[in-house]
Amino acid sequence: MKEYKKRYRLWSWIRKLLKLMFSRVVIIAFLLLIEILVLLAAVIYFSNYFYIFVYLSTLLNLLCVCKIIRTDDNPGYKITWTIVVLMFPPVGIALYFAFSRNRLSQRTLKKMSSIAVISEQMMDDNADIIADLREKDRGAARQSAYISNMAMCPPYKNTETVYHPTGESFFEALLQAVESAERYIFLEYFIIAEGEMWGRLHALLKEKARAGVDVRVIYDDFGSITRLNYRVPKILRSEGIKCHVFHPFVPVLDASQNNRDHRKICVVDGYIAFTGGINIGDEYINVTHPHGHWKDNAIELHGEGAWSFVLRFLTMWEYLEYGVSVSKKELSFDQYKPDPILRYSEEGIVQPYTDTPLDNEPVGENIYLQLLYGASDYVWITTPYLIIDEQMKQALCTAAKSGIDVRIMVPGIPDKKTIYETTKSYYKALLESGVKIYEYTPGFLHAKTFLCDDKYATVGSVNLDFRSLYLHFECGVWMYGTSSVKEIKNDYIRTMECCRQISIKDCKTGLLRELYRSILQILAPML
């Protein structure tokens, strides 16, 4: 019997090893390794021709640095890539042309430009709301006009907001909304992971699809690659659920792989919508605890504002469905218009927005900057990652030096140690300027929130890091004068009770760690 158990354990171990060896992640990693080795082999080969190599390398370095300087990229990118190119010729040049672009490839850019075209065509004309707002609060009108003009996302009234301070609260509300669906359910998430959260939601989606509800799911391949079976799209389609995988990850050294769909959107019947930082995974509702207690949030919209997220989802869906030919189609989303919406008593304005890497307009970052520049009293921030460019750093420091109460709440337990060290590298400069920093000691804080002057708030998917601000497709809701602004403030105050305030003394560290953090800050645009 013991011999049988021993053989069984050995066979079980061998099966697990074989499964890992032939998994999609390992195969992709292996192919990427081959590409890197080929690149290194080419460098070694040409190094035999030393003098030609040196002269040619110097010339190429000079030309590459000139190209970097002339780009419209963020200054942080320029500095980082200049250092890489000069320090590691010619590998740095190869890496620059493979990974430097913070925009999509020309081919993909041409295809995805159709999203902007359709969004503009379907955009509601709510200029009267901005005009009324200009009479009441010119600062708010300026922020709203920017989002409307640059993100093509207009403001809405007649929308009730419900703030969810935890993933658990959000998930129960999400299930209730999905259960109430009569016409359609649209979901778009960076991560969908196997587990209890997806299991319960999946069962409900199958039931609704059988009942004739139009159920559609979009998820990002890179975000879910280790968390979800690659056969899931086929399984969902067999169940009557439409599914698309955004930008399937392939083993190619190409910067376009950086551009991911980081949005979190759920829309039900055109008048209920959710967004925030919460993905579909068990850690988000604290069923599992990989990094302590998971603190996140979401915003729920009821009313006219939800329609904006319908348009954002459908334009992405049409691109994934038809690719470049979508721009040639005569599209109309009128059939998705909700029935006449109830009138809500809540005052205030909501403005859902999306941000894309299709252009050089960092909408998410500029919304944050406008709140900092326009603040009169305070700006309170929550972010899981604090990897900021010089413009954001100066805005935070200048606001604090001007007497604005600037607070930043970050995780106490990191999900990525390197990113956590990079976050800490910014502490000293911010603290010396008067910014207050708090670490959420129970675990990982994943909420992305800006709160300002008891008037404004944003809740969405946009982190304070280079990837969210420049590389990813993102979304959020800008709010002015809604009831949820007060709820967000109360949640911030409650959460601060679980935080440790960081002081200048906490920034003191050894020379090697200080050097390590300095290097990480230089390389921040690549992280």
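A residue counts as buried when its relative accessible area is under 20%. Keep that cut-off at hand for the first stop on this tour of a predicted model.

**Stop 1: Tyr 146**

Select Tyr 146, which lies in helix α8. Its relative accessibility is 14%, so Tyr 146 counts as buried. Now show what surrounds it. Apart from neighbours within four places in sequence, Tyr 146 is in contact with Ala 151, Glu 361, Pro 362, Val 363, Asn 366, Ile 367 and Gln 370. Draw a distance from Tyr 146 to one of these, Val 363: the two C-alpha atoms are 8.7 Å apart, although 217 residues separate them along the chain.

**Stop 2: helices α7 and α8**

Stay with α8 (residues 138–150) and add α7 (residues 127–136). Their axes come within 6 Å and cross at roughly 155 degrees, which makes α7 roughly antiparallel to α8. To see the contact, select Ile 130, Leu 133, Arg 134 and Lys 136 on the α7 side. On the α8 side, select Arg 138, Ala 140, Ala 141, Ser 144, Ala 145 and Ser 148.

**Stop 3: the nonpolar cores**

The largest nonpolar core has 94 residues. Start from Leu 201, Leu 205 and Trp 478, which have the most contacts inside this core. Then select helix α9, residues 167–179, which supplies the largest share of the core with 7 residues. A second core, separate from that one, has 43 residues; among them are Leu 301, Trp 307, Val 350 and Met 409.

**Stop 4: helices α9 and α10**

Keep α9 and add α10, residues 196–210. The axes of these two helices are 10 Å apart, and the packing angle is about 10 degrees. The pair is therefore roughly parallel. From α9, the contact uses Phe 170, Phe 171, Glu 172, Leu 174, Leu 175, Val 178 and Glu 179. From α10 come Met 197, Arg 200, Leu 201, Leu 204, Leu 205, Glu 207 and Lys 208.

**Stop 5: the sheet of 7 strands**

Switch to a cartoon view and follow the order β1-β8-β6-β5-β2-β3-β4. These 7 strands form an open sheet with mixed pairing. At the edges are β1 (159–164) and β4 (242–246); each has a single partner strand, so one side of each is left without a neighbour in the sheet. From one strand to the next, the twist averages 10 degrees.

Inside the sheet, select β5 (residues 264–268) and β6 (residues 272–276), which run antiparallel and are joined by 4 bridges. Cys 266 has Phe 274 of β6 as its bridge partner. Next, add helix α19, residues 483–496, which packs on this sheet and touches β1 and β8 (298–303). The direction of α19 makes about 10 degrees with that of β1.

**Stop 6: the sheet of 8 strands**

The order here is β9-β16-β15-β14-β10-β11-β12-β17, again an open sheet with mixed pairing. Its edge strands, β9 (349–355) and β17 (499–501), each pair on one side only. The twist averages 20 degrees from one strand to the next. For a pair within the sheet, select β10 (residues 378–382) and β14 (residues 449–452), antiparallel over 4 bridges. Val 379 stands opposite Cys 452 in β14.

**Last stop: confidence**

Colour the chain by pLDDT. The average is 85, and 77% of the residues score at least 70. Over residues 324–328 the pLDDT is below 50; this stretch has 8 contacts in the model beyond near neighbours in sequence.

Note on methods: Residues numbered from 1 in each chain as written. Predicted model: local features only at pLDDT ≥ 70, side-chain atom pairs only at ≥ 80, totals over all residues. Heavy atoms only, no water. pLDDT = per-residue confidence, 0-100. Contact = heavy atoms within 4.5 Å. Core = buried A, V, L, I, M, F, W, Y, C linked by side-chain atoms within 4.5 Å. Buried < 20%, exposed > 50% of the residue type's maximum accessible area, 1.4 Å probe, protein only. Pairing = 2+ DSSP bridges. Axes fitted to C-alpha atoms, helices over the stretch in contact; angles between N-to-C directions. Parallel < 35°, antiparallel > 145°, perpendicular 65-115°, else oblique.
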